[in-house]
Amino acid sequence: MTDNNSPPGSPKVNPDHNSEANPLPKDDSSLENIVRRFQDSMSLAKKHKFWETQPVGQFKDVGDTSLPEGPIEPPTPLSEVKQEPYNLPSPYEWTTCDMDSEETCNEVYNLLKNNYVEDDENMFRFNYSKEFLRWALRPPGYYKSWHIGVRAKTSKKLVAFITGVPARIRVRDEVVKMAEINFLCVHKKLRSKRLAPVMIKEVTRRVHLENIWQAAYTAGVVLPTPITTCQYWHRSLNPKKLIDVGFSRLGPRMTMSRTIKLYKLPDQPATPGFRKMELRDVPAVTGLLRNYLSQFVVSPDFDENDVEHWLLPTEDVVDSYLVESPKTHDITDFCSFYTLPSSILGNQNYSILKAAYSYYNVSTKTPLLQLMNDALIVAKKKDFDVFNALDVMRNESFLKELKFGPGDGQLHYYLYNYRIRNALRTSELGLVLL
Ligand SMILES: CC(C)(COP(=O)(O)OP(=O)(O)OC[C@H]1O[C@@H](n2cnc3c(N)ncnc32)[C@H](O)[C@@H]1OP(=O)(O)O)[C@@H](O)C(=O)NCCC(=O)NCCS
């Protein structure tokens with residue numbers, strides 16, 4: 001993998017490639033593609049000086065079915081967990097970021113806004129909102145000590161960040177306490193100095209101090225060893241803007257007006273009883289979701305507190321809708337998406353791309369295709385430019401039909417200190433990380 005800030009084909013903000021309507025033709029012979037294929041083929045052979053020392057599935061063990069599933073290393077007694085933080089290079093110091101503080105939250109927001117994930121062509125960069133960060137980092141039972149920053153000692157400027165939040169993740173029949181690790185970011189000027197491994201070791205230490213020994217995380221780069229590799233798909237809601245900013249291109253033999261017509265959606269959801277989720281729906285939604293997620297090999301083990309936090313609508317952060325049967329008043333179906341805008345870098349006319357990301361969707365009575373079409377309709381009404389979805393869970397059943405086009409990046413899912421014997425199919429994964 002490359003130690004730069006732009007994971008190969010950064011999946012989260014990639015242009016709409018290869019969709020029927022607006023294919024960005026894949027020119028396999030371009031130098032860029034040849035280089036990328038070469039790098040991809042090399043990444044398995046590549047040395048990972050840090051990751052080779054960690055309890056993660058190693059490339060050399062891929063295909064060795066004699067190795068047992070489950071923890072790679074047993075927990076150590078808590079008294080043996082290192083009590084002091086790891087050493088940073090001397091100009092830097094650790095800080096715990098209090099996300100309740102407006103000032104600290106602003107600093108984190110600005111670090112990420114200027115230095116977090118970009119697409120391959122450096123046209124877009126994630127712009128997680130402050131409200132989103134507070135939501136993502138303060139779920140039930142969260143630990144402040146897992147919101148870790150690095151400051152320059154002299155200026156006190158925040159230059160790096162990594163976080164964990166606690167989660168119960170089910171792997172087959174086993175519910176495992178884990179940390180979900182996210183928002184790893186090193187300021188652009190401090191890249192390639194091996195700060196990331198120190199930050200990963202420090203968050204791991206703080207997770208161990210809470211007697212938790214496993215973690216889940218995603219990355220756009222190939223590391224030892226993905227449990228599965230997903231693809232993002234993109235559904236244009238505002239095709240003109242997406243084309244204007246270079247997110248997608250006009251397909252061959254397509255005019256702008258034909259493209260706009262192709263992606264046009266009805267004004268109102270079609271499903272009778274389709275409405276926003278409310279607090280009183282938490283028990284019913286928890287039941288629906290638990291039942292649905294039980295079919296996947298890896299998924300969160302949500303209880304009512306988790307559902308209230310993660311899925312009850314929060315303005316400009318997470319949207320959830322459900323279908324209440326007009327006859328029985330049973331809650332039969334559920335869909336949700338989160339709000340993650342990206343900055344558009346260097347465009348005269350637009351600075352923000354408003355993207356919705358498919359989260360958890362459950363259909364029992366309404367066909368999933370119809371439910372997701374209703375989700376697209378409400379997202380369009382809320383002025384999102386694009387609706388993104390991974391090919392996880394049952395999503396493949398609606399992507400093509402609802403005019404999503406495949407992105408060109410990949411998102412790799414990983415577990416720390418937990419071995420899965422064989423890689424999963426994306427449809428066996430029931431976990432969406434933010
Ligand atoms: C990701 C980032 C923090 C890595 O920092 P860096 O300065 O490029 O790399 P460093 O020299 O500190 O460390 C390199 C090590 O970190 C690992 N690493 C790089 N990106 C990683 C990631 N996303 N997750 C886990 N490990 C990662 C590398 O594999 C390497 O270890 P190895 O030798 O075992 O392969 C930095 O590039 C960045 O902030 N990028 C933009 C934001 C981003 O992509 N964040 C990750 C989102 S998943």
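This briefing walks through the overall build, the ligand site, one loop residue, one helix and a group of tyrosines. The model is a predicted one. Its protein has nine helices and 17 strands, and 56% of its 434 residues count as buried. Around the ligand there are 25 residues, and the protein covers 94% of the 850 Å² of accessible area that the ligand has on its own.

**Overall build**

- Contacts that span a long stretch of sequence are well represented here: among contacts in the protein with a separation of 6 or more, 76% come from residues 24 or more positions apart.
- The protein has an accessible surface of about 19,300 Å², and carbon and sulfur atoms account for 51% of that surface.

**The ligand and its shell**

- Start with the residues that come nearest to the ligand, which are His48, Trp51, Leu184, Ser192 and Ala196.
- Two backbone contacts involve oxygen atoms of the ligand: a backbone N or O atom of Phe50 lies 2.8 Å from a ligand oxygen, and a backbone N or O atom of Trp51 also lies 2.8 Å from a ligand oxygen.
- On the nitrogen side, a backbone N or O atom of Leu184 sits 2.8 Å from a nitrogen atom of the ligand.
- With these contacts in view, recall that 94% of the ligand's own accessible area, 850 Å², is covered by the protein.
- At least two shell residues come from each of β5 (174–186), α4 (195–209) and β6 (214–219); α4 gives the most, with four residues.
- By residue class, the shell holds 14 nonpolar, six polar and five charged residues.

**Thr225 in its loop**

- You will find Thr225 in the loop between β6 and β7 (228–236).
- The side chain of Thr225 reaches the backbone oxygen of Gly57 at 2.7 Å.
- Setting aside neighbours within four places in sequence, the contacts of Thr225 are Gly57, Gln58, Phe59, Val62 and Tyr414.
- Ile420 is 195 residues from Thr225 in sequence, yet their C-alpha atoms are 9.9 Å apart in space.

**Helix α3**

- Helix α3 (residues 130–137) is largely enclosed by the rest of the structure, because six of its eight residues are buried.
- Those buried residues are Phe132, Leu133, Arg134, Trp135, Ala136 and Leu137.

**Tyrosines 232, 338 and 357**

- A search of the whole structure finds 27 aromatic pairs. One of them joins Tyr232 and Tyr357 edge-to-face, with 5.7 Å centre to centre and 90° between the planes.
- Since Tyr232 belongs to strand β7 and Tyr357 to strand β14 (residues 355–358), this pair ties together parts that are 125 residues apart in sequence.
- Both partners are buried: Tyr232 has 4% relative accessibility, and Tyr357 has 2%.
- Tyr357 also pairs with Tyr338; their ring centres are 5.3 Å apart and their planes stand at 10°, so this pair is stacked.
- Tyr338 lies in strand β11 (residues 331–339) and Tyr357 in strand β14, so the stacked pair ties together parts 19 residues apart in sequence.
- Tyr338 is buried as well, with a relative accessible area of 2%.

Technical notes. Residues numbered from 1 in each chain as written. Predicted model: local features only at pLDDT ≥ 70, side-chain atom pairs only at ≥ 80, totals over all residues. Heavy atoms only, no water. Near = heavy atom within 4 Å. Polar contact = N/O pair within 3.5 Å; in protein donor to acceptor, adjacent residues only side chain to side chain. Areas by Shrake-Rupley, 256 points an atom, 1.4 Å probe, with all protein chains shown as cover. Nonpolar A, V, L, I, M, F, W, Y, C, P; charged D, E, K, R; others polar. Buried < 20%, exposed > 50% of the residue type's maximum accessible area, 1.4 Å probe, protein only. Contact = heavy atoms within 4.5 Å. Phe/Tyr/Trp six-rings, centres within 6.5 Å; stacked < 30°, edge-to-face > 60°.
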